[in-house]
Amino acid sequence: MTDVLYIDCCIRGEQSRTKRLGEAFLSALVRAGGYEIERLTLMDEPLQPLANGFFWQRERLIEAGALDHARFRYAWRFKRAERIVIAAPFWDLSFPALLKIYIENLCVQGITFDCDEH
């Protein structure tokens, strides 16, 4: 089975054309077989922007090597996925801010990326 993470950032819910497209794509995957799909609906998640104390808590946890903290669950789930499908509308020449906040929360050095002197 291929592990698929489906990220739903369709703010308008069932009224969203993007959501209908995403659901059609998922249905095709299910019909094809061999895919295990986990849905993550961003509107249902307690996402916060990286600001003030929330940012500094993250920095302290990373510095302490506490990458198993629940705070990093989005990063671990993203890393584990073999395929990632994102359903997000194109609004005002960009995507919804909620998707950007999700991306900020999953980008964690030591989990989803690493860097060194090279």
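Helices and strands here are DSSP runs, numbered from the N terminus. With that naming in hand, here are the views of this predicted model.

**Figure 1. The whole chain, with four helices and three strands.** Reading along the sequence, you will meet the elements in the order β-α-β-α-α-β-α. The C-alpha atoms fit a box of roughly 45 × 35 × 30 Å along the principal axes. Of the 118 residues in the protein, 31% are buried. Contacts between residues at least 6 apart in sequence often span a long stretch of chain: 75% of them join residues at least 24 apart. The protein exposes about 7,700 Å², and carbon and sulfur atoms supply 54% of that area. As for charge, there are 15 positive and 17 negative charges, and their mean positions lie 6 Å apart.

**Figure 2. The largest nonpolar core, built from 12 residues.** Its members are Leu5, Ile7, Cys9, Leu40, Leu42, Leu47, Tyr74, Ala81, Leu99, Ile101, Tyr102 and Leu106. Strand β1 (2–8) and helix α4 (97–106) each bring at least two residues to this core. Helix α4 gives the largest share, with four residues. A second core of seven residues lies apart from this one, and Cys10, Leu26, Leu29 and Ala87 are among its members. As a general backdrop, nonpolar side chains in soluble globular proteins tend to be buried together.

**Figure 3. A closer look at Leu5 and its partners in the largest core.** Which residues does Leu5 touch, leaving aside its neighbours within four places in sequence? The contacts of Leu5 are Glu38, Leu40, Arg77, Phe78, Ala81, Arg83, Ile84, Val85 and Tyr102. Three of these names, Leu40, Ala81 and Tyr102, will be familiar from the core itself.

**Figure 4. Asp3, an acidic residue in strand β1.** Is Asp3 buried or exposed? Asp3 counts as buried because its relative accessibility is 16%, and the cut-off for buried is under 20%. Beyond its neighbours within four places in sequence, Asp3 is in contact with Glu36, Arg77, Arg80, Ala81, Glu82 and Arg83. Arg77, Ala81 and Arg83 also appear among the contacts of Leu5.

**Figure 5. Cys9 and Cys10, in a structure with zero disulfides.** Why is there no bond between the sulfurs of Cys9 and Cys10? The closest cysteine sulfur to that of Cys9 belongs to Cys10, and it is 7.1 Å away, so the two are too far apart for a bond. For comparison, a disulfide needs sulfur atoms within 2.5 Å. Looking from the other side, Cys10 likewise has Cys9 as the residue with the closest cysteine sulfur. Cys9 is buried, at 0% relative accessibility, and Cys10 is buried too, at 1%. Cys9 belongs to the largest nonpolar core, whereas Cys10 sits in the other core, of seven residues.

**Figure 6. Asp92 and Leu93, with positive phi angles in the loop before α4.** Most residues other than glycine have a negative phi. Asp92 is not a glycine, yet its phi is positive, at about 45 degrees. Leu93 is not a glycine either, and its phi is also positive, at about 65 degrees. Where do you find them? Asp92 is in the loop between β3 (83–87) and α4, and Leu93 has its place in the loop between β3 and α4. Asp92 is exposed, with a relative accessible area of 78%. Leu93 also counts as exposed, at 76% relative accessibility.

Key
Residues are numbered from 1 along each chain as its sequence is written. This is a predicted model: local features need pLDDT of at least 70, side-chain atom pairs count only at pLDDT 80 or more; totals for chains, interfaces and linings use all residues. Side-chain values use heavy atoms; hydrogens and water are left out. A nonpolar core is a set of buried Ala, Val, Leu, Ile, Met, Phe, Trp, Tyr and Cys residues joined through side-chain atoms within 4.5 Å. Buried means under 20% relative accessible area, exposed over 50%, partly exposed in between (1.4 Å probe, protein chains only). Contact means heavy atoms within 4.5 Å. Accessible areas come from the Shrake-Rupley method with a 1.4 Å probe; for residues, only the protein chains shown count as cover. Lys and Arg count as positive and Asp and Glu as negative; His and the chain ends are not counted. The place of a charge is taken as NZ of Lys, CZ of Arg, CG of Asp or CD of Glu.
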